[in-house]
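Dear colleague,

Please find below the structure for your attention. My findings follow directly after it.

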Amino acid sequence: MTSLSDVPGKFIDPEDPTFIIHYQRQPPGTQPIYIDSLFTTMISALADLAPHDTNELGARVNSVGYDRSTRFVILDAGTPERPLLSYGRCVHALAQLWRGLTELAEGLRTTRFEIEYRGVKVGSGFMKGVVPRLEGEE
């Protein structure tokens, strides 16, 4: 997250200013992310999170779009012995990312982000546009 070519920014939850998502978008020229693919990737991520209790810690998402052109990952920033990111906060982060990313005027590109809650980094992740492999390719 230190590349000078990245475009930094942050989304602040309007209802809870202690919930902040810091992001860095890759510049134009990287693989684009299409909104319909991002939508299905996030719906898939929500389905993965749904069976968990909102207060359960150690949230993790690894989701791929229906057309395999988008990959979305969220990881807990703590350790296996001391997780920090709850599943409820992970769902909340998905909602804030969706709200913020879809409001950006420019096309969506690979974006890395960190989730901060009450001054503590609780999670991190990325969404990435990928070139889908054709059937039979290795």
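In this predicted model, D13 sits in the loop that links β1 (7-12) to β2 (19-25). The residue is buried, yet D13 takes part in no salt bridge. R89 is the nearest side chain of opposite charge, and it is 5.8 Å away from D13. A salt bridge would require the nitrogen and the carboxyl oxygen to be within 4 Å.

The polar partners of D13 are found elsewhere. The side chains of D13 and H92 are joined by a polar contact of 2.5 Å. In addition, a polar atom of the D13 side chain lies 2.9 Å from the backbone nitrogen of E15. When neighbours within four places in sequence are set aside, the residues in contact with D13 are F19, H92 and Q96.

The structure does hold 1 salt bridge. The side chains of K121 and E114 form it, with a nitrogen-to-oxygen distance of 3.5 Å. Are these two residues buried, partly exposed or exposed? K121 counts as partly exposed because its relative accessible area is 40%, and E114 is likewise partly exposed, with a relative accessible area of 25%.

I turn next to strand β8. This strand spans residues 120-129, and 7 of its 10 residues are buried, so β8 is largely enclosed by the rest of the structure. Strand β5 (residues 70-76) runs antiparallel to β8 and is joined to it by 7 bridges; within this pairing, T70 has G129 as its bridge partner. Strand β7 (residues 111-117) also pairs with β8 in the antiparallel sense, over 7 bridges, and here Y117 stands opposite V120. Together β7 and β8 make a hairpin with 2 residues between the strands. In that turn, R118 has a positive phi of about 55 degrees.

Finally, there is the nonpolar interior. The largest nonpolar core comprises 26 residues, of which F72, I74, L97, F113 and I115 touch the most other members. Two or more residues of this core come from each of β2, α1 (35-49), β5, α2 (87-103), β7 and β8. The greatest contribution is that of α2, which gives 6 residues. As general background, nonpolar side chains in soluble globular proteins tend to be buried together.

With kind regards

Conventions. Residues numbered from 1 in each chain as written. Predicted model: local features only at pLDDT ≥ 70, side-chain atom pairs only at ≥ 80, totals over all residues. Heavy atoms only, no water. Buried < 20%, exposed > 50% of the residue type's maximum accessible area, 1.4 Å probe, protein only. Helix = DSSP H or I, 4+ residues; strand = E, 2+ residues; numbered from the N terminus. Lys, Arg positive; Asp, Glu negative; His and termini not counted. Polar contact = N/O pair within 3.5 Å; in protein donor to acceptor, adjacent residues only side chain to side chain. Contact = heavy atoms within 4.5 Å. Pairing = 2+ DSSP bridges. Core = buried A, V, L, I, M, F, W, Y, C linked by side-chain atoms within 4.5 Å.
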